[in-house]
Amino acid sequence: MGLFDGLGSIVSDVLSGKQVNLLSVAEQVFANAGGVNGILAQLQQSGLSDQVASWVSTGTNIPVSADQIRSALSPDQMSSMANALGIDINHLPELLAEHLPKAVDAASPNGALPS
């Protein structure tokens with residue numbers, strides 16, 4: 001059983017509005033990029049430092065757009081994640097733009113991600 005097996009149903013739950021542990025999903029999805037910390041570092045290096053900092057801080061989250069996600073992640077990463085999750089690659093940036101800030105924010109209630 002591969003790393004991403006079974007995550008398609010989780011994505012379906014997210015898309016249908018059901019509650020899921022988004023940080024756990026994100027950690028699995030981004031495992032090949034160093035986990036959530038690795039993908040956040042990649043987003044920061046792509047010019048999204050203010051957004052990432054706001055998700056981790058105790059203040060208001062600055063949103064990120066699907067286009068910003070597309071620009072920050074490589075085509076190979078996008079394709080791999082979409083294929084593994086069983087979703088159309090065109091939907092992945094919107095899904096990440098909507099849910100990644102919430103997941104990071106929920107995982108860092110005191111302004112820091114757990115190690």
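**Exercise 1. Decide whether Gln51 is buried or exposed, and list what Gln51 touches.**

Step one is the accessible area: Gln51 has a relative accessible area of 10% and is therefore buried, where buried means under 20% relative accessible area, exposed over 50% and partly exposed in between, with a 1.4 Å probe and protein chains only. Step two is the location, which is helix H3; helices (H or I, at least four residues) and strands (E, at least two) are DSSP runs, numbered from the N terminus. Step three is the surroundings: leaving aside residues up to four places away in sequence, Gln51 touches Ile62, Pro63 and Gln68, a contact being heavy atoms within 4.5 Å.

The model is predicted, so local features need pLDDT of at least 70 and side-chain atom pairs count only at pLDDT 80 or more, while totals for chains, interfaces and linings use all residues. Residues are numbered from 1 along each chain as its sequence is written, and side-chain values use heavy atoms, with hydrogens and water left out.

**Exercise 2. Work out which secondary-structure elements the protein chain has, and examine H3.**

Begin with the whole chain, which has six helices and zero strands. Then turn to H3, which has 22 residues although its end C-alpha atoms are only 15 Å apart, short of the 32 Å that a straight helix would reach at 1.5 Å a residue; the expected span is 1.5 Å times one less than the number of residues. Finally, look along H3 for a bend: a kink of about 135° is centred on Leu48, the bend at a residue being the angle between axes fitted to the seven residues ending there and the seven starting there.

**Exercise 3. Find the largest nonpolar core and the elements that supply it.**

First, recall that a nonpolar core is a set of buried Ala, Val, Leu, Ile, Met, Phe, Trp, Tyr and Cys residues joined through side-chain atoms within 4.5 Å. The largest such core has 23 residues, and those with the most contacts inside it include Leu40, Trp55 and Leu73. Next, sort by element: helices H3 (35-56), H4 (66-72), H5 (75-85) and H6 (92-107) each give two or more residues to this core, and H3 gives the most, with eight. As a last step, take Leu73, which touches Ile39, Gln42, Met78, Met81 and Leu96, not counting residues up to four places away in sequence.

**Exercise 4. Trace the salt bridges of the structure and say which residues they join into one network.**

Count before tracing: the structure holds three salt bridges, each a side-chain nitrogen of Lys or Arg within 4 Å of a carboxyl oxygen of Asp or Glu. Arg70 pairs with Asp67, their closest N and O atoms being 2.7 Å apart, and these two residues, three apart in helix H4, are separated by about one helical turn. Arg70 also meets Glu94 in a salt bridge (3.0 Å, N to O); because Arg70 lies in helix H4 and Glu94 in helix H6, this pair ties together parts that are 24 residues apart in sequence. The remaining step concerns Lys102 and Glu98, whose closest N and O atoms are 3.7 Å apart and which are four residues apart in helix H6, about one helical turn. Shared partners thus join Asp67, Arg70 and Glu94 into one network.
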